[in-house]
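Thanks for sharing this one. Here are a few notes to read alongside the structure.

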Amino acid sequence: METVKVKVAIIGSTGYGGVELIRFLMGHPHVEIVSVISSSSAGEPIADGFPHLSELMVQNLDGVDPQEIAEKADVVFTATPSGVSSKLVPQLLEVGLRVIDLSGDFRIKDRSEYEAWYKHEAAEQKWLDKAIYGLCEINGDLVIGSSFISNPGCYSTTTLLGLIPALNAGWIDPASIIIDAKSGVSGAGRGTSLTTHYAEMNENMKVYKVNKHQHIPEIEQELSLAAGNPVTVTFTTHLVPMTRGIMSTMYAKLQGDYTEEGLVSLYREFYAGRPFVRIREAGKWPATKEVFGSNYCDIGFSVDERTGRVTIIAVTDNVVKGAAGQAIQNLNLMMGWDETTGLKLSPVYP
Ligand SMILES: NC(=O)C1=CN([C@@H]2O[C@H](COP(=O)(O)OP(=O)(O)OC[C@H]3O[C@@H](n4cnc5c(N)ncnc54)[C@H](OP(=O)(O)O)[C@@H]3O)[C@@H](O)[C@H]2O)C=CC1
Ligand SMILES: CC(=O)N[C@@H](CCC(=O)OP(=O)(O)O)C(=O)O
């Protein structure tokens, strides 16, 4: 006998995060997509803009009406811009929906810190306090049975999964961390801009938001929790001419004679039973193609005995583990299902 499916709605379903949620959820055995929602194209068939989704059971886009969503759905994903989520999500929670929000609006718990980096008004403190920071491999226990998840940022996910085990074990000096991160252009969303259009990005590489990236306070907040003390980082982001993928290359001073083999053991033990984090053997480093289209985060190491530093390399697909995939992993944990349900896709290669 088939079990009752959880009814899911997606707001922002015409953006990259939303479309990727639909792709994975169409194959999820315990989920029924009951509403795909757009603030600008309500009433239009989703297949008009996305012909590859013509087999989705719900055909027309609905408008943004919390009461109407609550009548149809149990859980709603908000794949909406920051500044929109902060206002919309409380309305969804108030009508009794469970919410998984993909924006940055509920990740940073300190309102003044959020406002300093995002340059607009923070959500009310009571909602910030309610939101669970859904970095599944670290906070999975808090996600189980919860009703409101703030899904981590793409760079933050990649970077935190790469740093937390070494920081937590006291193997690296928290004051020495430098992060050099690169992203494919889909990380900027579907809207066109001078920064991201083809002629600007093809055969080009750009550094951006140097020392000003909005993921800095998110990364520092979570590293500080892992270290038990305030941690600050140097974090630099680059756009590279590819569609998907993040590589985060992290440098830190080792606080002992630790080897690559030792790091591999430490990380494999830390992530034991967490199927979406894969640790390369000593001296082997991951590439973005090796996680493309999948929910994996792959991590490798190099120890430099001359400088006493470790280089940690972590890769993810920004739209999957960095957004929609992790959001579904959070749904699985929230509902008490196996965290890999609907997500067991191997990376697309080549
Ligand atoms: N792309 C990525 O790799 C990642 C994105 N994120 C975050 O996830 C969220 C979605 O990102 P992404 O899909 O890339 O962004 P997109 O810009 O591609 O899509 C955002 C969607 O939000 C909808 N939207 C805009 N304004 C409103 C509104 N007032 N009310 C309801 N819906 C609105 C738009 O659809 P419509 O006009 O049809 O309503 C739009 O398609 C963002 O907060 C982003 O920062 C997080 C991690 C990674
Ligand atoms: C390539 C690119 O532009 N990437 C985006 C990160 C997307 C993301 O995760 O955004 P939120 O944290 O706002 O949800 C950026 O650097 O701002």
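1. Ser248 is a good place to begin in this predicted model. With a relative accessible area of 0%, Ser248 counts as buried, because the cut-off for that label is under 20%. Its place in the fold is strand 10, which covers residues 246-253.

2. What does the side chain of Ser248 pair with in a polar contact? The partner is the side chain of Thr159, at 2.9 Å. Setting aside neighbours within four places in sequence, Ser248 also has contacts with Thr158, Ile179, Asp180 and Ala181, as well as with Ile312, Ile313 and Ala314.

3. Now please turn to Cys154, where the unreviewed UniProt entry places the feature "active site". Cys154 belongs to helix 8, which spans residues 154-168. Is Cys154 buried or exposed? Its relative accessibility is 14%, so Cys154 is classed as buried.

4. Around Cys154, again leaving out neighbours within four places in sequence, the residues in contact are His215, Ile246, Thr316, Asn318 and Gly322. One of these, Ile246, sits in the residue range of strand 10 (246-253), the strand that also holds Ser248.

5. A last point concerns the domain annotation. The unreviewed UniProt entry lists residues 7-146 as "domain: Semialdehyde dehydrogenase NAD-binding". In the model, this span is 38% helix and 16% strand, and the C-alpha atoms at its two ends lie 16 Å apart.

Terms used:
Residues are numbered from 1 along each chain as its sequence is written. Chains are lettered from A and ligands numbered from 1 in the order in which they are written. This is a predicted model: local features need pLDDT of at least 70, side-chain atom pairs count only at pLDDT 80 or more; totals for chains, interfaces and linings use all residues. Side-chain values use heavy atoms; hydrogens and water are left out. UniProt positions are given in the numbering used here, feature names are shortened, and annotations may be inferred rather than shown by experiment. Helices (H or I, at least four residues) and strands (E, at least two) are DSSP runs, numbered from the N terminus. Buried means under 20% relative accessible area, exposed over 50%, partly exposed in between (1.4 Å probe, protein chains only). Contact means heavy atoms within 4.5 Å. A polar contact is a pair of N or O atoms within 3.5 Å; within protein, one must be able to donate a hydrogen and the other to accept it, and residues adjacent in sequence count only if both atoms are side-chain atoms.
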